[in-house]
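Reader: I'd love a close look at one part of this model, the sheet and what packs around it. Could you walk me through it?

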Amino acid sequence: KQWYQRRVAITAGEREKRKRNVVVTNLKESTLTTSIGRYESDKKKLLDIMEVKPEQIVTCYRAGAKRDNGGPRLLIVTLETPRLAEHFHNYGNGHRIERKVGKNDIWFNPDLIKADRDANFNARKLMRERRAELEGKRMKKTENKTEKKE
């Protein structure tokens, strides 16, 4: 029982740490060579997109190693308050900013722990399977109706 309680406490602590974070996807990376220059570039882009005061963005950093395909890495942004983070990720539903140029929209999502990401993935997978199953039933009904008419 102790290991379970410890695991739950760790999970709750991780969730608490991430409450002020927002994960930004598809925000183009800077080509500057210094880490400070890339940080400043990312922060400037965020200020333009998010329309917040500079002091409301506590920090931001890119997650993971650079991608081979040249795509942008995830940008983790820590905001001043959890309420501000909730506003940007639409209370957990994700928020999209459409780009006028380019094909990929910028998304703001909550910073989830691995267990929550896995649970969301499995829920989406189940919904896709159910949708496909329902679509298959609809197709059979349509085929039966056309056979009866003939």
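Author: Happy to! One term first: a residue counts as buried when its relative accessible area is under 20%. Please keep in mind that this is a predicted model.

Let's start with the sheet. It is open, with 5 strands in the order 2-3-1-5-4 and antiparallel pairing. In general, strands of a sheet pair through backbone hydrogen bonds, either parallel or antiparallel. Strand 2 (57–62) and strand 4 (95–97) are at the edges, and each has a single partner strand, so one side of each is left without a neighbour in the sheet. From one strand to the next, the twist averages 25 degrees.

Now to the edge at strand 2. Strand 2 pairs with strand 3 (residues 75–79) in the antiparallel sense, over 5 bridges. Within this pairing, Ile-57 stands opposite Leu-79 of strand 3.

A helix joins the picture here. Helix 2 (residues 35–50) lies across strand 1 (21–25), strand 2, strand 3, strand 4 and strand 5 (106–110). Relative to strand 2, helix 2 runs at about 120 degrees.

Another helix meets the sheet through aromatic rings. The structure holds 1 aromatic pair. The ring centres of Phe-88 and Phe-108 are 5.8 Å apart and their planes are at 45 degrees, so the pair is tilted; planes over 60 degrees apart would count as edge-to-face. Phe-88 belongs to helix 3 (residues 82–88) and Phe-108 to strand 5, so the pair ties together parts that are 20 residues apart in sequence. By the cut-off given at the start, both Phe-88 and Phe-108 are buried.

Notes
Residues are numbered from 1 along each chain as its sequence is written. This is a predicted model: local features need pLDDT of at least 70, side-chain atom pairs count only at pLDDT 80 or more; totals for chains, interfaces and linings use all residues. Side-chain values use heavy atoms; hydrogens and water are left out. Two strands pair if DSSP finds at least two bridges between them. Helices (H or I, at least four residues) and strands (E, at least two) are DSSP runs, numbered from the N terminus. Axes are lines fitted to C-alpha atoms, for helices over the stretch in contact, and angles run from 0 to 180 degrees between N-to-C directions. Contact means heavy atoms within 4.5 Å. Rings of Phe, Tyr and Trp (its six-membered ring) pair if their centres lie within 6.5 Å; planes under 30 degrees apart count as stacked, over 60 as edge-to-face and the rest as tilted. Buried means under 20% relative accessible area, exposed over 50%, partly exposed in between (1.4 Å probe, protein chains only).
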